[in-house]
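User: I'm new to this one and would like a walk through it. Could you show it to me first?

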Amino acid sequence: MAVMWILKLRKKLTVARDTIYSAITILNRFVDQGYELNESNYECISSAAIMISAKMNEIYPPKMTSLIYRSSKDFTK
């Protein structure tokens, strides 16, 4: 679910393909460390992975408010 959510965001955000793929890699490493993704936290963790990836790859990373707006559940910065 988290990867599909990240891929859907690529159409709505102006980020490069490399940024999306590195966010998925960060998410994969997070899961490999033994952390659990479930329906209550996957959007929050996926947003954090996108923000980390965008800080490394993008000149103008997306704002956190735009990620919060596109999530189905509210969370704070």
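Analyst: Before we start, one cut-off: a residue counts as exposed when its relative accessible area is over 50%, and as buried when that area is under 20%. Keep in mind too that this is a predicted model.

User: Okay, how many helices and strands does the chain have?
Analyst: Read along the sequence, the chain follows the pattern α-α-α-α. The count is therefore 4 helices and 0 strands.

User: What average pLDDT does the chain have?
Analyst: A pLDDT of at least 70 is reached by 94% of the residues. The average for the chain is 84.

User: Which element has the lowest mean pLDDT?
Analyst: At the high end sits α2, with a mean of 92. At the low end, with a mean of 75, is the helix made of residues 64-70. Where pLDDT is low, the predicted coordinates should not be read in detail. The element you're after is α4.

User: What radius of gyration does the chain have, next to what a compact globule would have?
Analyst: The C-alpha atoms fill a box of roughly 30 × 25 × 20 Å along the principal axes. For 77 residues, a compact globule would come out near 11 Å, and the chain agrees with that. Its radius of gyration is 11 Å.

User: Let's zoom in on α2. How far does α2 reach from its first C-alpha to its last?
Analyst: Helix α2 runs over residues 17-32, which makes 16 residues. At 1.5 Å a residue, 22 Å is expected, and the model comes close to that. The reach is 23 Å.

User: Are the buried residues of α2 on the same side or on opposite sides?
Analyst: The buried ones are Thr 19, Ile 20, Ser 22, Ala 23 and Leu 27. They cover an arc of only 165 degrees around the axis, so they sit on the same side of α2.

User: And which residues are exposed on the other side of α2?
Analyst: Remember that exposed takes a relative accessible area over 50%. On the side facing away from the buried set, the residues that pass are Asp 18, Arg 29 and Asp 32.

User: Which helices help cover the buried residues of α2?
Analyst: One of the buried residues is Ile 20, with a relative accessible area of 2%. Leaving aside neighbours within four places in sequence, Ile 20 is in contact with Ile 6, Leu 7, Arg 10 and Val 15. For the buried residues of α2 taken together, the cover includes α1 (2-12) and α3 (42-57).

User: What phi does Gly 34 take?
Analyst: Gly 34 comes just after α2. Its phi is positive, at about 105 degrees.

User: Where is Leu 37, and how much relative accessible area does Leu 37 have?
Analyst: Leu 37 belongs to the loop between α2 and α3. Neighbours within four places aside, its contacts are Ala 2, Leu 27, Phe 30, Val 31, Tyr 42 and Ile 45. Leu 37 is partly exposed, with a relative accessible area of 28%.

User: On to α3. How far apart are the end C-alpha atoms of α3?
Analyst: With 16 residues at 1.5 Å each, α3 should span 22 Å. The model agrees, and the end C-alpha atoms are apart by 22 Å.

User: Is Ser 53 buried or exposed?
Analyst: Ser 53 is in helix α3. Not counting residues up to four places away in sequence, Ser 53 touches Asp 18, Thr 19, Ser 22, Ala 23 and Ile 26. Because its relative accessible area is 0%, Ser 53 is buried.

User: Which helix supplies the largest share of the largest nonpolar core?
Analyst: That core has 15 residues, and those touching the most other members are Trp 5, Ile 6, Leu 9, Leu 13, Leu 27, Ile 50 and Leu 67. At least two residues come from each of α1, α2 and α3. The largest share, 5 residues, comes from α3.

User: Last one: which residues does Ile 50 touch?
Analyst: Ile 50 is among the buried residues of α3, and what covers those includes α1, α2 and α4. Not counting residues up to four places away in sequence, Ile 50 touches Trp 5, Ile 6, Leu 9, Ala 23 and Leu 67.

Key:
Residues numbered from 1 in each chain as written. Predicted model: local features only at pLDDT ≥ 70, side-chain atom pairs only at ≥ 80, totals over all residues. Heavy atoms only, no water. Expected span 1.5 Å × (residues − 1). Buried < 20%, exposed > 50% of the residue type's maximum accessible area, 1.4 Å probe, protein only. Arc of directions from axis to C-beta. Contact = heavy atoms within 4.5 Å. Core = buried A, V, L, I, M, F, W, Y, C linked by side-chain atoms within 4.5 Å. pLDDT = per-residue confidence, 0-100. Rg over C-alpha atoms; globule rule 2.2 N^0.38 Å.
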